[in-house]
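Trainee: Hi, have you got a moment to go through a structure with me? I'd like to start with contacts, so what counts as one here?

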Amino acid sequence: MGNEGEGSAATELESTVTVIGPAGTPLSDAKITHVIFDLDGTLIDTESVVTDVSRMLVEKYGKTWTGEGAEDRIGKRPLDGARATVRQYGLPCSGEELLAQTHGLVEERWSQAKALPGALRLLLHLKACGIPMAVASSSPRRNVNIKLSFHAGWTGMLQVLVGGDEVERGKPRPDIFLRAAELLGASPAHCLVVEDAPAGVEAAVAAGMWVLAVPSLPNKAARPLYSAAHQLLPSLLDFQPQQWGLPPFTDWLHGSLAITPWYIKGPVIKGFGRGSKVLGIPTANLPASSFTGHLAEHVCGIYHGWAGLKGRGVFKMVMSVGWNPFFNNTHKTVEPWLLHDFGEDFYDEELRLVVVGYIRPEADFPSLPSLIARIHEDGDIARAALDSPPFAPFKEDPFLSEGHA
């Protein structure tokens, strides 16, 4: 469970939370008065919908979808993205023709696009603090309205909406952000833009605004594409408003954040063999089939919750979700550590997890001892948090014992 979290010394590890700031200027000097959000891939997970449809159409033409070249599609106006797909995969059609095939298939799936982790929490916080907000999306305005309609109350929290068809030039040109600032009555120098795409980051910087990037291209190779951003975060769950001179969140409890519970079950299997042997911390690994459906909805990081084992009881647990930077996993994994000394293995037994809290993002560590120390710190945070509301009642969740004699 090799990652970094709030409250650990900066010298212990290389954080995935990158604070840049122009010429070393503290972010708190930004004097932010307004916040402008991108929509797709920043607030709502519509990017995965577009990817699924694009894969289907590319394969219909007999090509193999690899996902490569996403930086040329994400954040762009729909036609620009379609043209990039045609070019990258050598499709026997025009961008206009591909977009015509794509549109209906994508639109019928918009209702399935979920809010990204931390999005609603941040909108509600900024609204409560009286910070005016806007959405500036490359999507046509009609599409922006439809997508937001599936998220109750969101439109009422946003003072301004701007679609890509309402400006002359799309991202990476600055037009859409300048238009949003104009409608908000805000100075660009006091606007914070929240973006997931390199094109959006470039556009916001060109507009003279401050930029927080939450990349939808999470691999390390894509990191240079976001180098112009003033701050880089793994997810909106890790946003700390006070760093920007905005009122802080007050919902952290015992070093963790309550989340909408998610449920996982499956047989315990042998993992990488490093839990007990390398770390001295036995993890109860689950097969990928048990959790792949959840991983697109939950950011990488360290979580806590409750674990149920047939005939053994319900136990506190802390777990990592992600690639584990220290060990450089090739696949995204879930690695739970049950905070109990069992004294024996329990391979093939069904393990049920109710995940209720988020502790911190993933990060790398300079040494194995620092990784082990941080894992134990995560365990201490989980133990304390799970004894308190709102986490403790989930110990009685029926899911933990369903199907158990």
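Mentor: Happy to. Contact means heavy atoms within 4.5 Å. Keep in mind that this is a predicted model.

Trainee: Good. Leaving out residues up to four places away in sequence, which residues does Asp397 touch?

Mentor: Asp397 touches Tyr263 and Val354.

Trainee: And where does Asp397 sit?

Mentor: Asp397 is in the segment that follows helix 11, which spans 368-386.

Trainee: How far away is the nearest side chain of opposite charge?

Mentor: That side chain belongs to Arg352, at 7.9 Å. A salt bridge needs a side-chain nitrogen of Lys or Arg within 4 Å of a carboxyl oxygen, so Asp397 is buried with no salt bridge.

Trainee: What backbone atom does the Asp397 side chain reach, then?

Mentor: The backbone nitrogen of Phe399, at 2.9 Å.

Trainee: Let's move to the sheet. What is the strand order in the open sheet of six strands?

Mentor: The order is 9-10-14-11-12-13, and the pairing is antiparallel. Strand 9 and strand 13 (333-338) stand at the edges with a single partner strand each, so each has one side without a neighbour in the sheet.

Trainee: How many bridges join strand 11 to strand 12?

Mentor: Nine, with the two strands running antiparallel. Strand 11 and strand 12 also form a hairpin with three residues between them. In the turn, Gly311 has a positive phi of about 75°.

Trainee: Which residue is the bridge partner of Leu309 in strand 12?

Mentor: Gly313 is the partner of Leu309.

Trainee: And on the other side, how many bridges join strand 12 to strand 13?

Mentor: Six bridges join them, again in an antiparallel arrangement. Among the facing residues, Ser320 stands opposite Glu335, and Val321 stands opposite Val334.

Trainee: Is there a general rule for how side chains point along a strand?

Mentor: In a regular strand, side chains alternate between the two faces of the sheet.

Trainee: What lies across this sheet, and at what angle to strand 12?

Mentor: Helix 11 does, running at about 135° to strand 12. The strands it lies across are strand 9, strand 10, strand 11, strand 12, strand 13 and strand 14.

Trainee: How many of the ten residues of strand 12 are buried?

Mentor: Eight are, so strand 12 is largely enclosed by the rest of the structure.

Trainee: Changing topic to backbone geometry. Where are there cis peptide bonds?

Mentor: One is the bond from Lys171 to Pro172, with omega near 20°. Pro172 lies in the loop between strand 5 (160-162) and helix 7 (175-184). Another is the bond from Pro389 to Pro390, with omega near 5°. Pro390 is in the segment after helix 11, and Asp397 is placed in that segment too.

Trainee: Which residues have a positive phi of about 55° without being glycine?

Mentor: Lys31 has that phi, and so does His254. Lys31 is in the loop between strand 2 (18-19) and strand 3 (34-37), while His254 is in the loop between strand 9 (252-253) and strand 10 (256-267).

Trainee: Are those two buried or exposed?

Mentor: Lys31 is exposed, with a relative accessible area of 54%. His254 counts as partly exposed, at 42% relative accessibility.

Trainee: Thanks, that helps a lot!

Notes. Residues numbered from 1 in each chain as written. Predicted model: local features only at pLDDT ≥ 70, side-chain atom pairs only at ≥ 80, totals over all residues. Heavy atoms only, no water. Helix = DSSP H or I, 4+ residues; strand = E, 2+ residues; numbered from the N terminus. Buried < 20%, exposed > 50% of the residue type's maximum accessible area, 1.4 Å probe, protein only. Lys, Arg positive; Asp, Glu negative; His and termini not counted. Polar contact = N/O pair within 3.5 Å; in protein donor to acceptor, adjacent residues only side chain to side chain. Pairing = 2+ DSSP bridges. Axes fitted to C-alpha atoms, helices over the stretch in contact; angles between N-to-C directions.
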